[in-house]
Amino acid sequence: PAMFAQNINAARAALEQGACPEDPKTQKRYFEILYKTKGPLALDQKQILPALAGKSQYGTLPFASVAADFRLIETAAVALYIPQGKGAELIAELRRDGPTRKLLQQLGAYGVSIYPNQLSALLRTGAAEEIDKDLFALRDQSLYHKETGLTIEVEEGQSFIL
C-alpha cells in the first residue's frame, strides 16, 4: 500500500548489499533513512522534542502539556470498563476516590477498547456512563458476556468486541 512506501524504501536501502535485518547497525541505518525521508515534523507531529528542549516561562520543563499531547500509539479507541468480578469493586473505588495510577492499572484488566461512535451510542442510551474525565464504565451488564465479549447494537447490525 502507498502508506507504507517510504518505510519499504527505507528498509530496502538499509538492507542493500546483504545487510542483516537483526543487526543493530542495519536497524539504525533504517531509522536514519526513514527520518531523512519523512523529515522531523512527520515523526514528531506534536512537537514534543522541541517542547522538552525549551523551557517554560518559569524555567521548568512543560511536563503537563507534553504528557497531554504524548501518545505512544495514536488510536481512536476508548476504554470501557466492565463491572464484573473485581472490576465492579474497582469501578466503585474510581467513583469514590477518583483515578490513581495504581487503580487505572488494575482497571486495565477489566476494560475493552471501543470506538468513539460506539461509546456515544452507549452513552446516549444510558448503557454506559462517564465516571470521571474520559473514564467510562458499562452500566447495562446484559451487553457483556464472558464468552463473547461486549455486544453493541448498531444500525447496521451487531458488533462483538472481545
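Just after helix α6 comes G98, a residue with a positive phi, near 85°. This glycine makes a handy starting point for a walk through the predicted model, beginning with the helix that precedes it. Helix α6 covers residues 86-97, 12 residues in total. From the first C-alpha to the last, α6 reaches 16 Å, close to the 16 Å expected at 1.5 Å a residue.

The two sides of α6 are worth looking at in turn. Its buried residues are G87, L90, I91 and L94. These residues lie on the same side of α6, because the arc they cover around the axis is only 100°. On the face turned away from that buried side sit the exposed residues E89, R96 and D97. The buried residues of the helix pack against four elements: β1 (78-81), α7 (101-107), β3 (128-132) and β4 (135-138).

Two of these neighbours, β1 and β4, also pair with each other, in the parallel sense and over 2 bridges. Within this part of the model, L80 stands opposite F136 in β4. Strand β1 has a further partner in β2, to which 4 bridges join it in an antiparallel arrangement. Here A79 has S113 of β2 as its bridge partner.

Attention can now turn to the nonpolar cores. In soluble globular proteins, nonpolar side chains tend to be buried together. The largest nonpolar core of this model has 15 residues, of which L80, V112, I114, L122, L138 and L150 touch the most other members. At least two residues of this core come from each of β1, β2 (111-114), α8 (116-125), β4 and β6 (149-154). Another core, of 9 residues, lies apart from it and includes L94, L103, L107 and I131. L94 has already been met as one of the buried residues of α6.

Seen as a whole, the protein chain holds 8 helices and 7 strands. Of its 162 residues, 28% are buried. Among contacts between residues at least 6 apart in sequence, 44% join residues at least 24 apart.

A word on confidence completes the picture. The mean pLDDT of the protein chain is 82, with 78% of the residues reaching 70 or more. Confidence is highest in β4, at a mean of 96, and lowest in strand β7 (residues 157-161), at a mean of 53. Where pLDDT is low, the predicted coordinates should not be read in detail.

Note on methods
Residues are numbered from 1 along each chain as its sequence is written. This is a predicted model: local features need pLDDT of at least 70, side-chain atom pairs count only at pLDDT 80 or more; totals for chains, interfaces and linings use all residues. Side-chain values use heavy atoms; hydrogens and water are left out. The expected span of a helix is 1.5 Å times one less than its number of residues. Buried means under 20% relative accessible area, exposed over 50%, partly exposed in between (1.4 Å probe, protein chains only). The arc is that of the directions from the helix axis to the C-beta atoms. Contact means heavy atoms within 4.5 Å. pLDDT is the predictor's confidence in each residue, from 0 to 100. A nonpolar core is a set of buried Ala, Val, Leu, Ile, Met, Phe, Trp, Tyr and Cys residues joined through side-chain atoms within 4.5 Å. Two strands pair if DSSP finds at least two bridges between them.
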